[in-house]
Amino acid sequence: MRTVKLTIDGVLHTAPVGATVGVVLHAARKPLRSSPRAHQPRGLYCGMGICFECTVRVNGVSDVRACMTTVAEGMIVETLG
Amino acid sequence: MTDRLQVDVAVIGAGPAGLSASIAAARCGASVAVLDCFPVVGGQYHMQPRADLNELVGSVQAKDGATLEREAREAGVQIFTNTELFWARPGFDLYANRAGEALACRCRELIVACGAQEVVIPFPGWTLPGVTTAGAAQRLLKAGATFEGRSVLAGTGPFLLAVAATFAKAHVRLEALVERIRPGPGHLSLLARYPERAPEALALAVAARRIARRRLYGYVVVEALGRDRLEAIRIAPVDRTGKPQLGSAMLLDGLDSLCISHGFRPNVEVTTLLGAEHGFDPKQGGWYCKADPASGMTSVLGLRAAGETTGIAGATAARVSGTLAGMAAAESIGITSAKTADRKKSLARLERARRFAKGLSTIWPLPRELIENISKETIICRCEDVTRREIEGAIEDGAPDVFALKMWTRAGMGPCQGRVCGPIIANLAARLHEVDEAAIGLNRPHLPLRPVPVQVVKASLD
């Protein structure tokens, strides 16, 4: 299986070609954000671009939905959590 | 740079309905563009996993998706992936965010085939990381997720079996399958009336049996527990009226994932935005866009809708209604299409598929008792952390409608814009006001439909 390397919050991860960033974050079990009032951890939820719970920064661009983004070699992903 | 496009027919959504509509219109000779927000066409049903991920690449659904894509390209359809609509104006002008670049499209005929989204019913702990929709689980599996640890698939509806089958194809075991409805004679009599559906139903049931260590019918999830992420769930048997019996609840511990689904509702954002008439029918998932089955025509001239947007009826109905809408769109701009005989046959197929879907929704209805039983402290709006108590407090203080509720409580004001919690809030408001859900109305879409960089909006409107 061909793979690509990417970093999530500075940690190196390997993912199969064609996977989404959501798949990598799901496997890494990282909370993706802290909710605004209750300050509870949140993670990927709808997986189809509707709920915006999996919003991350990718290569410096913010508000990217991990569930809709395909991994690429050298991608830099930062979570808001 | 803004891409400007002018076509006879534009289609929003490249799932079964949208691709079929595009192919039909293009084969008649119309110029067609189809816009889809995902990186690969096919929608959720025909989602094509990328090469060499897993066995799901070879699934019938993925292969059919690839065939539809090839047919669309051969017919000359312009396909725009990673292209998310953020505004539409009558006439029709479409504005989309194409991976950070603006795309503006003018068309004479517009076909909306935006599919469906999952019905969400909140319960304590549903916001914990590790709890996802069942649809999310299916997409993740198709995109290569391995679901390490112990997973439970729960909720209600035939889609649960489809997701269980996806787990089976990906060779990922399920700790349990928890379904609210017990198998009964209704299941068999429906299949007896629609024997063409029996092989698929049987295959799904066999796959679910093989992949789920335990199958608990007549149970619902009443709580998800965990500190920073999901660790356990409590499930309870339901009584004859569908109410969970909390006294008999049991704990499923040591869990990593809970994937939950309560069925689907039509995605009507674009048709609502353009002012089409909508109807409300719980058997079709709630609010749906009214459309003539033979042509997809809505109450707005030139605006057509196809597939789940017109009421939940599944992939077969989506494909057929897409084809009919595509042919009618081409015809209305002066391009004559296929013979009437074909159309009659298609209409009959569509009606049959819709009747089957209604049969399914009779067996697996929307679990309204679960909405009734949501505790006061449960978060309803997960974007803004708004509880049922706060929402009902605002209603009792006089918030007259969903819009006022949003202003008072911030529920539905976060990044999802009420796409997740909107129907539940409407349902709670209807209960307190003691009116029909239909009277509460739809969550009105606002510009932009989806968050979009300001420079993209500016560029598209210049």
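Colleague: Buried means under 20% relative accessible area here, so going by that cut-off, which side chains along strand E1 of chain A are buried, and which are not?

Modeller: In this predicted model, strand E1 of chain A, residues 3-8, has side chains that alternate, with A:Val4, A:Leu6 and A:Ile8 pointing to one face, where they are buried, and A:Thr3, A:Lys5 and A:Thr7 pointing to the other, where they are not. In a regular strand the side chains alternate between the two faces of the sheet.

Colleague: And what does E1(A) pair with in the antiparallel sense?

Modeller: The antiparallel partner is strand E2 of chain A, residues 11-16, with six bridges between the two, and A:Ile8 stands opposite A:Val11 of E2(A). The two strands make a hairpin with two residues between them, and A:Asp9 takes a positive phi near 50° there. E1(A) is also joined by three bridges to strand E7 of chain A, residues 75-78, this time running parallel, and the bridge partner of A:Leu6 in E7(A) is A:Met75.

Colleague: Staying with chain A, how many disulfides are there over all chains?

Modeller: The count comes to zero over all chains. A:Cys51, for example, is in no disulfide, since the nearest cysteine sulfur, that of A:Cys46, is 3.8 Å away, whereas a disulfide needs the two sulfur atoms within 2.5 Å. A:Cys67 is likewise in no disulfide, with the sulfur of A:Cys54 as the nearest one at 3.8 Å.

Colleague: Is A:Cys51 buried or exposed, and what about A:Cys67?

Modeller: A:Cys51 is buried, with a relative accessible area of 4%, and A:Cys67 counts as buried too, at 6% relative accessibility.

Colleague: Switching to chain B, what is the strand order in the open sheet of five strands?

Modeller: The order is E8-E15-E9-E10-E11, and the pairing is parallel. Strands E8 (131-133) and E11 (212-217) of chain B stand at the edges with a single partner strand each, so one side of each is left without a neighbour in the sheet. From one strand to the next, the twist averages 20°.

Colleague: How many bridges are there between E9 and E10 of chain B?

Modeller: Strand E9, residues 151-155, and strand E10, residues 174-179, pair over four bridges in the parallel sense, and the partner of B:Ala154 in E10(B) is B:Val178.

Colleague: Which strands of that sheet does helix H3 of chain B touch?

Modeller: Helix H3 of chain B, residues 134-142, packs on the sheet and touches E8, E9 and strand E15 (257-261), and its direction makes about 85° with that of E8(B). Helix H6 of chain B, residues 198-211, lies across E10 and E11 and runs at about 115° to E11(B).

Colleague: Which residues touch the most other members of the largest nonpolar core?

Modeller: That core has 106 residues, and B:Phe147, B:Val152, B:Leu153, B:Phe167, B:Ile233 and B:Leu258 touch the most other members. Helix H4 of chain B, residues 158-169, gives the most to this core, with eight residues. Leaving aside neighbours within four places in sequence, B:Leu153 is in contact with residues including B:Leu160, B:Val163, B:Leu174, B:Val178 and B:Cys259. Apart from the largest core lies another, of 36 residues, among them B:Val11, B:Val32, B:Leu68 and B:Ala357.

Colleague: How many residues of strand E4 of chain B are buried?

Modeller: Strand E4 of chain B, residues 83-89, is mostly covered, with five of its seven residues buried. Six bridges join E4(B) to strand E5 of chain B, residues 93-98, the two running antiparallel, and B:Thr83 stands opposite B:Arg98. They form a hairpin with three residues between the strands, where B:Gly91 in the turn has a positive phi of about 130°.

Colleague: Last stop, helix H12 of chain B: what do its buried residues pack against?

Modeller: The buried residues of helix H12, residues 402-409, are B:Val402, B:Ala404, B:Leu405, B:Lys406 and B:Thr409, and they pack against strand E21 (386-387) and helices H11 (388-396), H13 (422-433) and H14 (437-440) of chain B. The helix is followed by B:Arg410, whose phi is positive, near 75°.

Colleague: What pLDDT does chain B average?

Modeller: Chain B averages a pLDDT of 93, and 97% of the residues score at least 70, while the model scores ipTM 0.96 and pTM 0.95.

Methods
Residues numbered from 1 in each chain as written. Chains lettered and ligands numbered in written order. Predicted model: local features only at pLDDT ≥ 70, side-chain atom pairs only at ≥ 80, totals over all residues. Heavy atoms only, no water. Pairing = 2+ DSSP bridges. Axes fitted to C-alpha atoms, helices over the stretch in contact; angles between N-to-C directions. Contact = heavy atoms within 4.5 Å. Buried < 20%, exposed > 50% of the residue type's maximum accessible area, 1.4 Å probe, protein only. pLDDT = per-residue confidence, 0-100. Core = buried A, V, L, I, M, F, W, Y, C linked by side-chain atoms within 4.5 Å.
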